[in-house]
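Below is a short briefing on one protein structure. It covers helices, charge pairs and surface.

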Amino acid sequence: MEKTATLNLLVNPDVKREAEQVLDKLGIPMSVAVTMYLKRIALMHGIPFPLTIPPAPSSIDAGSMSDAELVDLVERRVSAAESKLGTSVSQARSELLS
């Protein structure tokens, strides 16, 4: 029998629950899914999906905007995000990072 190592991970309970629901439908135990992910990282020598920051929309040219225009734009976007989330952006951020 192959030796095993133990991983102790702290993850968001909602993310874990959602992942478990998907994995249950696929008939894959969480430990097998994690092993698959780790093997893929080793095979590719990196994260097996692109990690990128999406480009800013072409309609936003921060170089040509005044500080006031930038602040206004950010405030409007934060307000829109808070409306969608139903919570403040700072609260959502702290929940995601915890």
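How many salt bridges does a search of the whole structure find? The search finds three. A salt bridge here is a side-chain nitrogen of Lys or Arg within 4 Å of a carboxyl oxygen of Asp or Glu.

This is a predicted model, in which local features need pLDDT of at least 70 and side-chain atom pairs count only at pLDDT 80 or more, while totals for chains, interfaces and linings use all residues. Residues are numbered from 1 along each chain as its sequence is written, and side-chain values use heavy atoms, with hydrogens and water left out.

**Helices**

- Helices are DSSP runs of H or I with at least four residues, numbered from the N terminus.
- The expected span of a helix is 1.5 Å times one less than its number of residues.
- Helix α1 covers residues 13–26. Its 14 residues reach 20 Å from first C-alpha to last, close to the 20 Å expected.
- Helix α2 covers residues 30–44. Its 15 residues reach 21 Å between the end C-alpha atoms, close to the 21 Å expected.
- Helix α3 covers residues 67–85. Its 19 residues should span 27 Å, and its end C-alpha atoms are 27 Å apart, which agrees.

**Helix ends**

- At the start of α1, a side-chain oxygen of Asn12 comes within 2.7 Å of the backbone nitrogen of Asp14.
- Gly27, just after α1, has a positive phi of about 75°.
- Gly86 follows α3, and its phi is also positive, near 75°.
- His45 sits just after α2 and takes a positive phi of about 55°. That is a positive value in a residue other than glycine.
- His45 belongs to the loop between α2 and α3. At 74% relative accessibility, His45 counts as exposed.
- Relative accessible area sets the classes: buried is under 20%, exposed over 50%, and partly exposed in between (1.4 Å probe, protein chains only).

**Salt bridges**

- Side chains of opposite charge can pair when their charged atoms come close.
- Asp14 pairs with Arg17, with the closest N and O atoms 2.8 Å apart. The two residues are three apart in α1, so about one helical turn separates them.
- Asp14 is partly exposed, at 41% relative accessible area. Arg17 is partly exposed too, at 39%.
- Lys16 and Glu20 form a salt bridge at 2.6 Å, N to O. Both lie in α1, four residues apart, about one turn of the helix.
- Arg76 and Asp72 form a salt bridge at 3.0 Å, N to O. They are four residues apart in α3, so about one helical turn lies between them.
- Asp72 is partly exposed, with a relative accessible area of 37%.
- An α-helix has 3.6 residues a turn, so residues three or four places apart point the same way.

**Lys16 and its surroundings**

- Is Lys16 buried or exposed? Lys16 is partly exposed, with a relative accessible area of 38%. Its partner Glu20 is also partly exposed, at 29%.
- The side chains of Lys16 and Glu20 also make a polar contact of 2.6 Å. A polar contact is a pair of N or O atoms within 3.5 Å; within protein, one must be able to donate a hydrogen and the other to accept it, and residues adjacent in sequence count only if both atoms are side-chain atoms.
- Beyond its neighbours within four places in sequence, Lys16 contacts Val11 and Met30 (heavy atoms within 4.5 Å).
- Lys16 and Pro55 are 39 residues apart along the chain, and their C-alpha atoms are separated by 29 Å.

**Nonpolar patch and α2**

- Which residues form a nonpolar patch on the surface? They are Leu7, Leu9, Val11, Tyr37, Leu38, Ile47, Phe49 and Leu51. Together they have about 780 Å² of accessible area.
- Patches are made of residues with over 30% relative accessible area and no salt bridge: like charges are joined within 9 Å, nonpolar side chains (Val, Leu, Ile, Met, Phe, Trp, Tyr) within 5 Å. Accessible areas come from the Shrake-Rupley method with a 1.4 Å probe; for residues, only the protein chains shown count as cover.
- Leu38, one of the patch residues, is in α2. Leu38 is partly exposed, at 42% relative accessible area.
- Thr35 also has its place in α2. At 39% relative accessibility, Thr35 counts as partly exposed.
- The C-alpha atoms of Thr35 and Arg77 are 39 Å apart, with their positions 42 residues apart along the chain.
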